[in-house]
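User: I'm a first-year student learning to read protein models. Could you take one strand and walk me slowly through what surrounds it?

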Amino acid sequence: MTPFGRLTGTAAPLPEENVDTDIIFPARFLLITERHGLGRYAFHDRRFAADGSEIATFVLNRTPWRGSPILIAGANFGSGSSREQAVWTLLGHGIRCVVASSFGEIFHGNCLRNGVLPIILPEPIVVALMASAQDGRIFVVDLDAQVIASEGLPPLSFPIDPEQRLALLNGWDETDLILNARGPDIAAFEDRQCRDQPWLYELEVS
């Protein structure tokens with residue numbers, strides 16, 4: 001996945017609670033097997049009318065939030081089904097960070113595995129960030145420093161598991177994390193096994 005460093009831009013405010021994965025990525029698009037291009041379906045039924053025209057009132061269709069890399073959301077964002085496409089479609093739309101007071105558990109894990117940073121903050125802080133987002137102010141999310149900042153607000157630290165932070169910063173998947181933590185042990189085991197059981201490493205001759 002693409003490493004996560006520092007994000008700068010507007011944050012789209014979506015104050016609604018319990019926005020589930022079917023709202024983020026409607027079920028009728030699950031038959032699409034190609035991950036590339038899924039961004040066009042993000043919040044599809046909120047963004048587009050039946051005739052395909054844009055719904056002008058939806059936040060992601062409005063200036064200055066069209067193309068915002070950050071989403072400030074209501075509680076329990078990403079609840080519902082476990083579909084990983086909900087994260088893929090956000091990523092394809094250019095959203096790399098979602099801030100909320102709580103997330104659907106599976107959605108939260110899918111975010112971390114796919115390079116989207118889910119920031120959990122107390123509800124009063126999310127409300128303050130939401131107001132700043134609604135004013136169209138610029139946000140900065142610095143994962144290295146574990147800080148989110150907005151014009152007119154003091155920088156706010158956010159929690160994240162150290163291993164998950166390391167994976168996002170480096171663009172690592174689960175295998176990369178294991179190799180980083182246990183690489184020398186794995187290499188030593190393979191070296192020992194190669195000496196003790198060399199037939200396991202012999203190439204087949206056709």
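Analyst: Happy to help; here is a walk around strand β3 and the loop that leads into it.

One thing to keep in mind is that this is a predicted model. To get your bearings, start with the whole chain. The secondary structure comes to seven helices and seven strands, and along the sequence they follow the pattern β-α-α-β-α-β-α-β-α-β-β-β-α-α. The C-alpha atoms fill a box of roughly 65 × 45 × 25 Å along the principal axes. Of the 206 residues, 42% count as buried. Taking contacts between residues at least 6 apart in sequence, 62% of them join residues at least 24 apart.

Now zoom in on β3, which covers residues 97–100. Which way do its side chains point? C97 and V99 point one way, V98 and A100 point the other way, and all of these residues are buried.

Next, look at the strands on which β3 relies for pairing. Strand β2 (residues 70–73) pairs with β3 in the parallel sense, over three bridges. You can find a spot in this pairing by locating I72, which stands opposite V99. Strand β4 (residues 117–120) also runs parallel to β3, and four bridges join the two. Here the spot to look for is V98, which has P118 of β4 opposite it.

How does the chain get from strand to strand? Between β2 and β3 comes helix α3 (residues 85–92), and the three together make a right-handed β-α-β unit. Moving on from β3, helix α4 (residues 105–114) and then β4 complete another right-handed β-α-β unit. So β3 takes part in both units.

Just before the strand there is a residue worth a pause. R96 sits in the loop between α3 and β3. R96 is buried, yet it has no salt bridge: the nearest side chain of opposite charge, that of D142, is 13 Å away. A salt bridge here would need a side-chain nitrogen within 4 Å of a carboxyl oxygen. What does the side chain of R96 reach instead? One partner is the backbone oxygen of G115, at 2.7 Å. Another is the backbone oxygen of T2, which lies 3.1 Å from a polar atom of the R96 side chain. Setting aside neighbours within four places in sequence, R96 is in contact with T2, P3, F4, L7, P69, L91, G115, V116 and L117. In that list, L117 belongs to the β4 range you met above, and L91 falls within α3.

To finish, here are some backbone details elsewhere in the chain. Most residues other than glycine have a negative phi, and most peptide bonds are trans. Against that background, the peptide bond from T63 to P64 is cis, with omega near 10°. P64 is in the loop between α2 (44–47) and β2, the strand that pairs with β3. N18 has a positive phi, near 60°, although this residue is not a glycine. N18 lies in the loop between β1 (6–14) and α1 (21–24), and it counts as partly exposed because its relative accessibility is 43%. F43 is not a glycine either, and its phi is positive at about 50°. F43 is found in the loop between α1 and α2, and with a relative accessible area of 1% it is buried.

Conventions: Residues are numbered from 1 along each chain as its sequence is written. This is a predicted model: local features need pLDDT of at least 70, side-chain atom pairs count only at pLDDT 80 or more; totals for chains, interfaces and linings use all residues. Side-chain values use heavy atoms; hydrogens and water are left out. Buried means under 20% relative accessible area, exposed over 50%, partly exposed in between (1.4 Å probe, protein chains only). Two strands pair if DSSP finds at least two bridges between them. A crossover is right-handed if, with the strands pointing away from the viewer, the path from the first strand over the helix to the second runs clockwise. Lys and Arg count as positive and Asp and Glu as negative; His and the chain ends are not counted. A polar contact is a pair of N or O atoms within 3.5 Å; within protein, one must be able to donate a hydrogen and the other to accept it, and residues adjacent in sequence count only if both atoms are side-chain atoms. Contact means heavy atoms within 4.5 Å.
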